[in-house]
Amino acid sequence: MTWDYRSSKDFKDYYEERRLQRRIGFVFVFLSGIFLAFLFKLWYLQVVNGESYRRLADNNRLRQVVENPLRGLLLDREGRPIVRNRIAFNVLLDREKIKQLDQTVATLSRVLDLPESTVRQRIARYRNRPVFEPVIVKEDVDMAEAAYLESRRLELPEISVAIEPKRSYEDGHLAAHALGYVGEISESQLGKPRYAGYQLGDVIGKAGVEVAYDGDLAGEKGWKQVIVNSLGREMRELPVGKRPVQGNALRLTIDLDLQRELEAAFEDKMGSAVFLDPYSGEVLAIISKPSYDPNVFARRFSAEEWKGLMDSETHPLQNRAIQSKFAPGSVFKIVMSIAALESGKASPARTDFCPGYAYIYGRKFLCHQEGGHGTLAMVEAIKRSCNVYFYHLGKDMGIEIISEWAHKLGFGQRTGIDLMHEEAGTVPDDAWKRRTRNEPWYPGETISVSIGQGAVEVTPLQMAVFASLIGNGGTQYRPHLLLRREIRGGVEEEAHAPEVVSKVEIKPSTLKVVKEAMWEVVNQGGTGTKAAIPGRDVCGKTGTAQVVKASAGVKSEKLAESIRDNAWFVGFAPRDNPRIAFAVFVERGGHGGEAAAPIAQRVMLKFFDKLDHPSEETRIARAPQHP
């Protein structure tokens with residue numbers, strides 16, 4: 001038998017040991033590879049993508065919460081608040097703490113005086129929201145309700161009271177159309193460049209000064225960082241962030257005393273009125289009736305409430321002072337007189353005979369004076385508002401001259417007031433009619449325009465600006481509501497300077513005739529005697545504009561209210577260096593001298609009383625220097 005060394009025990013051990021070492025080496029390499037792979041992955045996660053994952057982790061743990069600023073206040077010209085911010089108490093329901101839903105609903109219904117069905121509906125609205133998000137059961141509860149609930153926190157742990165700032169319009173309807181209102185930004189507004197940086201839920205100005213100066217009033221947003229749990233619930237606030245900056249306070253040109261007097265004088269009439277400083281365009285008082293309460297918009301109101309405002313036949317949301325166009329009636333006779341005198345078509349001495357009617361182009365045109373005015377010159381014709389005199393004047397001038405001077409005097413174009421959606425009105429002529437109706441202008445139409453009827457349309461604000469222009473000698477100022485901005489701490493900045501829109505070249509002799517006539521309208525037995533104030537030399541012109549043709553030649557008081565004439569009274573005071581100019585318009589008011597002139601008188605009485613007996617605040621805030 002041959003011995004084989006490979007069968008020896010030593011050789012076998014050596015062989016097994018080599019095989020074992022190879023296995024161990026393989027396992028070592030394999031484990032090292034795994035280790036290196038894990039190490040590489042760790043390096044990749046921690047170093048290469050560390051910042052990104054850290055950010056994601058923070059986002060799950062930390063949350064940046066936007067803090068909205070308070071809106072800036074709106075003050076009157078003497079610094080008295082017109083619009084503030086107030087604290088509202090909202091009742092919240094924590095759904096996580098509800099033990100017996102029926103019992104909780106019954107308790108809320110009893111305490112908040114709400115039907116149980118309403119409470120259930122409000123809870124149901126949050127069905128798809130995170131359960132930690134509280135339900136707003138009732139907004140803006142009064143202090144007594146809030147105190148009652150707060151005192152029962154132990155008994156009603158699921159119910160709490162939270163505070164929320166709300167816009168507060170101190171006098172409700174007062175100057176509502178000028179001040180405007182606020183509301184949550186809409187999705188369509190978010191897409192506009194003007195609202196870049198805004199988010200859903202942000203409150204913005206929606207109308208009036210609130211929207212015109214939203215950039216000043218909105219302030220700057222702040223933020224805070226909070227720690228949240230896995231459910232997103234806020235657990236703790238971190239000491240980092242930025243406090244919100246309240247919006248600038250704006251001092252408006254409105255005089256609260258005059259505004260209140262105007263509101264009281266208007267009572268429940270429909271229409272509008274504007275009172276201006278004739279040397280700066282500052283709006284001292286402005287009204288549009290019917291009105292609305294802007295406080296309604298400061299809370300979350302229902303679709304039914306909104307529909308009620310939108311569908312109302314009286315259109316309470318429409319600012320009649322700048323958005324409604326009306327025939328100017330006999331006030332337009334002032335425009336006619338200026339056009340005739342400046343164009344050389346007539347002199348102040350031109351006389352005409354009024355038998356109560358006139359036949360022109362084969363058609364009979366009536367004067368409001370049934371028996372006629374007899375023979376009269378221009379001043380008397382204005383004073384007595386004779387239609388026949390101006391029928392003939394219009395026929396002699398033609399529509400082009402009338403149109404030219406109406407445009408020069410500010411009609412047919414926006415005044416540029418710092419409110420949105422202003423209408424331009426209409427000054428017709430041949431080109432206008434061909435453009436809008438594809439027809440030529442007929443001479444007979446000029447006769448109607450001559451007394452402020454037909455196609456000519458103006459806004460009450462245009463009329464007030466026109467009155468200012470006559471009073472100050474021919475300068476048209478841009479009317480405005482902003483007097484100055486105020487930064488926090490009461491430090492004032494950027495007073496609003498008067499802005500001249502145009503200077504109309506009107507001969508002093510023309511202005512003298514017109515002013516004399518307007519003075520006689522009020523002070524010499526004319527149609528505006530109810531606006532007279534002894535010693536104040538009030539100048540004015542009444543207007544009675546037909547609503548329907550059926551009212552022609554019929555006493556206004558004999559007509560149904562729905563078709564009664566519109567009433568105008570436009571003017572300024574005093575005659576020399578006037579301090580106030582105005583336009584008062586009463587829809588379906590009948591005669592201007594009866595319905596509109598007394599309103600103007602009442603506001604002027606207040607104005608001159610303040611002028612003679614100024615308070616300390618008035619002296620400080622007195623309007624800019626007058627010539």
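In this predicted model, in which local features need pLDDT of at least 70 and side-chain atom pairs count only at pLDDT 80 or more, while totals for chains, interfaces and linings use all residues, the buried residues of helix α10 are Leu256, Leu258, Gln259, Glu261, Leu262, Glu263, Ala265 and Phe266. Residues are numbered from 1 along each chain as its sequence is written, and side-chain values use heavy atoms, with hydrogens and water left out. Buried denotes under 20% relative accessible area, exposed over 50%, and partly exposed the range in between (1.4 Å probe, protein chains only); helices (H or I, at least four residues) and strands (E, at least two) are DSSP runs numbered from the N terminus. Helix α10, which spans residues 256-266, is thus mostly covered, with eight of its eleven residues buried. These buried residues pack against β3 (81-93), β11 (271-276), β12, β23 (580-586) and α23 (597-612), contact being defined as heavy atoms within 4.5 Å. The N-terminal end of α10 is capped by Asp255, a side-chain oxygen of which lies 2.9 Å from the backbone nitrogen of Asp257, and just after the helix Glu267 takes a positive phi of about 50 degrees.

One residue of α10, Leu262, belongs to the largest nonpolar core, where Leu262, Phe275, Leu409, Trp568, Val584 and Met604 touch the most other members among 131 residues. Such a core is a set of buried Ala, Val, Leu, Ile, Met, Phe, Trp, Tyr and Cys residues joined through side-chain atoms within 4.5 Å. Not counting residues up to four places away in sequence, Leu262 touches Ala273, Phe275, Ala285, Ile286, Ile287, Ile599 and Val603. A second, separate core of 19 residues includes Leu93, Val119, Ile123 and Val137.

Glu263 of α10 also takes part in lining the second largest cavity, together with His173, Ala175, Ala176, His177, Ala178, Ile286, Ile287, Ser288, Lys289 and Ser291. On a 1 Å grid over the protein atoms alone, a cavity is a set of points where a 1.4 Å probe fits but cannot get out, and lining residues have an atom within 4 Å of a point. The volume of this cavity, taken as the space filled by probe spheres set on points joined across faces, edges and corners, is about 60 Å³. Strand β12 (283-289) and helix α6 (176-179) each supply at least two lining residues, and β12 gives the most, with four.

Beyond β12, the peptide bond from Lys289 to Pro290 is cis, with omega near 0 degrees, and Pro290 is placed in the loop between β12 and α11 (295-298). A further cis peptide bond, from Ala573 to Pro574, has omega near -10 degrees, Pro574 being in the loop between β22 (566-573) and β23.

His480 is found in the loop between β17 (475-477) and β18 (482-486) and is buried, with a relative accessible area of 0%. A polar atom of the His480 side chain lies 2.9 Å from the backbone oxygen of Leu482. Leaving aside neighbours within four places in sequence, His480 is in contact with Thr253, Ser280, Gly281, Glu282, Val283, Ile417, Asp418 and His496.

Positive phi values are also found at two loop residues that are not glycines: His315, at about 50 degrees, and Asn438, at about 55 degrees. His315 lies between α12 (303-311) and α13 (320-323) and counts as partly exposed at 42% relative accessibility, whereas Asn438, between α18 (430-437) and α19 (443-450), counts as exposed at 70%.

Notes: Polar contact = N/O pair within 3.5 Å; in protein donor to acceptor, adjacent residues only side chain to side chain. 1 Å grid on protein atoms, 1.4 Å probe; cavity = no way out; pocket = protein on both sides within 12 Å on 5 of 7 lines; lining within 4 Å.
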